[in-house]
Amino acid sequence: MKKLKKIVLLMAMYCLFVGGLNIHASEGMFEKMPQENINIVKSTDAIDVLASPSLTACNLGIGIADNGLLMTFDTTATQIANEIGVKNVILQEKTLFGWKDIPVSNYYTRNSDWYSVDVVYTAATKGTTYRIKCTHYAKFGSTELTLNNTSSELTYN
């Protein structure tokens, strides 16, 4: 560890002395801005001046609860959305012929930048493999952002 620190220090010194690092000071004068040229934005309008909204963390989980199969959904956005949550939620059961779809409800909230919900499927069969599919979404006025997600497989025991 000491050797690594020594190498990093030597490299930094080399860059400073041999690398020809140039530092220039600004010669401009500081200008005082008149009060009438300052525009104050009310906190309720702050959302309008931010960059375009986006989905940030969209997590989907599957696990085993005491009374069934636990499904967890988390959706977050960079701004407060008119509506945010998960839709097109489908629990899939693995069969010999592929995946059997079990429709589940849509879950959402209004006027928030995040939504989280845990749901338990109580009709799970021991020894059966399951996975979840859903669409995370957030609505900002007429704009809707979506992200499709599929969980890993889990055998219920």
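Tutor: A residue is called buried when its relative accessible area is under 20%, exposed when it is over 50%, and partly exposed in between. The model here is predicted.

Student: Why is Cys58 called buried?

Tutor: Cys58 has a relative accessible area of 13%. The cut-off is under 20%, so Cys58 counts as buried.

Student: What makes Cys134 buried?

Tutor: The relative accessible area of Cys134 is 4%. That value is under 20%, so the word applies to Cys134 as well.

Student: How do you know that Cys58 is too far from Cys134 for a bond?

Tutor: A disulfide is a covalent bond between the sulfur atoms of two cysteines. To be counted, the two sulfur atoms must lie within 2.5 Å. The closest cysteine sulfur to that of Cys58 belongs to Cys134, and the distance is 8.3 Å. This is not within 2.5 Å, so the pair is not a disulfide. Seen from the other side, Cys134 is in no disulfide, and its nearest cysteine sulfur is that of Cys58.

Student: How many disulfides does the rule give?

Tutor: The count is 0.

Student: What makes β5 and β6 a pair of strands?

Tutor: Two strands pair if there are at least two bridges between them. Strand β5 (residues 129–140) and strand β6 (residues 143–150) have 8 bridges, so they pair, and the sense is antiparallel. Across this pairing, His136 is opposite Leu147 in β6. The hairpin of β5 and β6 has 2 residues between the strands, and Gly141 there has a positive phi near 65°.

Student: How do you know that β1 and β2 pair?

Tutor: Strand β1 (residues 55–65) and strand β2 (residues 68–95) are joined by 9 bridges and run antiparallel. The rule asks for at least two, so they pair. Ile64 has Leu69 in β2 as its bridge partner. These strands also form a hairpin, with 2 residues between them.

Student: Why is Asn88 called partly exposed?

Tutor: Its relative accessible area is 47%. That value is neither under 20% nor over 50%, so Asn88 falls in between. Asn88 is in strand β2.

Student: What makes Asn111 exposed?

Tutor: Asn111 has a relative accessible area of 58%. This is over 50%, so Asn111 is exposed. Asn111 is in strand β4 (residues 107–121).

Student: What is the sign of phi in Asn88 and in Asn111?

Tutor: Most residues other than glycine have a negative phi. Asn88 has a positive phi near 55°. Asn111, which is not a glycine, has a positive phi of about 55°.

Terms used. Residues numbered from 1 in each chain as written. Predicted model: local features only at pLDDT ≥ 70, side-chain atom pairs only at ≥ 80, totals over all residues. Heavy atoms only, no water. Buried < 20%, exposed > 50% of the residue type's maximum accessible area, 1.4 Å probe, protein only. Helix = DSSP H or I, 4+ residues; strand = E, 2+ residues; numbered from the N terminus.
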